[in-house]
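Q: I have a structure open and would like to go through it piece by piece. Can you start with a term I will need later?

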Amino acid sequence: MRTTVTLDADTESLLREAMRQRGQTFKQALNDAVRQGLAGVAGDPERPPFVQRSFPMDLRPGYDLGKLSSLEADLDAEAFLETTRRLTPDRDEPR
């Protein structure tokens, strides 16, 4: 089949590099790239499909999932203050 394809500049560079490395024509390099790219679309019939396993987080009531980063920042600040209190001599004592 003959068709016109418009390639982005970065794609053309990759294709030209493949042509140079493999000693292929433009047509060969393009067909190989398309075959290789589309081979993953059909999938390997021998390979089982990937399944993402998930688990409940069992958060305690009152914790808002949308504010976990805020909770982390608060805990970090508390840890920093505790470390600073431990390492800084008591300011009420004369030096």
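A: Start with the helix: a helix here is a DSSP run of at least four residues, and helices are numbered from the N terminus. Keep in mind that this is a predicted model.

Q: OK, how many helices and strands does the protein have?
A: There are 3 helices and 0 strands. Read from the N terminus, the elements go α-α-α.

Q: What share of the residues is buried?
A: Of the 95 residues in the protein, 5% are buried.

Q: And the accessible surface, what does that come to?
A: The protein has about 9,600 Å² of accessible surface. Carbon and sulfur atoms account for 54% of that area.

Q: Switching to charges. How many salt bridges are there in the whole structure?
A: A search finds 4. In general, side chains of opposite charge can pair when their charged atoms come close.

Q: Which residue does Glu82 meet in a salt bridge?
A: The partner of Glu82 is Arg85, with 3.7 Å from N to O. Both residues belong to helix H3, where they sit 3 residues apart, about one turn of the helix.

Q: Are those two buried or exposed?
A: Glu82 has 41% relative accessibility, so it counts as partly exposed. Arg85 has 58%, so it counts as exposed.

Q: What about helix H2, which side chains pair up there?
A: Asp32 and Arg35 form a salt bridge, at 3.3 Å from N to O. They are 3 residues apart in helix H2, again about one turn of the helix. Asp32 is partly exposed, at a relative accessible area of 31%, while Arg35 is exposed at 54% relative accessibility.

Q: And Arg16, which residue is its partner?
A: Arg16 meets Glu12, and the salt bridge spans 3.2 Å from N to O.

Q: How far apart are Arg16 and Glu12 along the helix?
A: They are 4 residues apart in helix H1, which covers residues 9–22, so about one helical turn separates them. As for exposure, Arg16 has a relative accessible area of 43% and is partly exposed. Glu12 is also partly exposed, at 33% relative accessibility.

Q: New topic: pockets. What volume does the largest pocket have?
A: Its volume is about 380 Å³. Rolling a probe the size of a water molecule over the atoms shows where empty space is left.

Q: Which residues line the largest pocket?
A: The lining consists of Met1, Arg2, Thr3, Thr4, Val5 and Leu7, together with Phe26, Lys27, Leu30, Asn31 and Val34.

Q: How does that lining divide into nonpolar, polar and charged?
A: It has 6 nonpolar residues, 3 polar ones and 2 charged ones.

Q: Last thing, the nonpolar surface patch. Which residues make it?
A: The patch is made by Met57, Leu59, Tyr63, Leu65, Leu68, Leu71 and Leu75. Its area is about 630 Å².

Q: Where is Leu59, and why does it count as partly exposed?
A: Leu59 lies in the loop between helix H2 (26–42) and helix H3 (68–87). It counts as partly exposed because its relative accessibility is 36%, and that class runs between the cut-offs of 20% and 50%.

Definitions and conventions
Residues numbered from 1 in each chain as written. Predicted model: local features only at pLDDT ≥ 70, side-chain atom pairs only at ≥ 80, totals over all residues. Heavy atoms only, no water. 1 Å grid on protein atoms, 1.4 Å probe; cavity = no way out; pocket = protein on both sides within 12 Å on 5 of 7 lines; lining within 4 Å. Points joined across faces, edges and corners; volume = space filled by probe spheres on them. Nonpolar A, V, L, I, M, F, W, Y, C, P; charged D, E, K, R; others polar. Patch = residues over 30% accessible without salt bridge, like charges linked within 9 Å, V, L, I, M, F, W, Y side chains within 5 Å. Areas by Shrake-Rupley, 256 points an atom, 1.4 Å probe, with all protein chains shown as cover. Helix = DSSP H or I, 4+ residues; strand = E, 2+ residues; numbered from the N terminus. Buried < 20%, exposed > 50% of the residue type's maximum accessible area, 1.4 Å probe, protein only.
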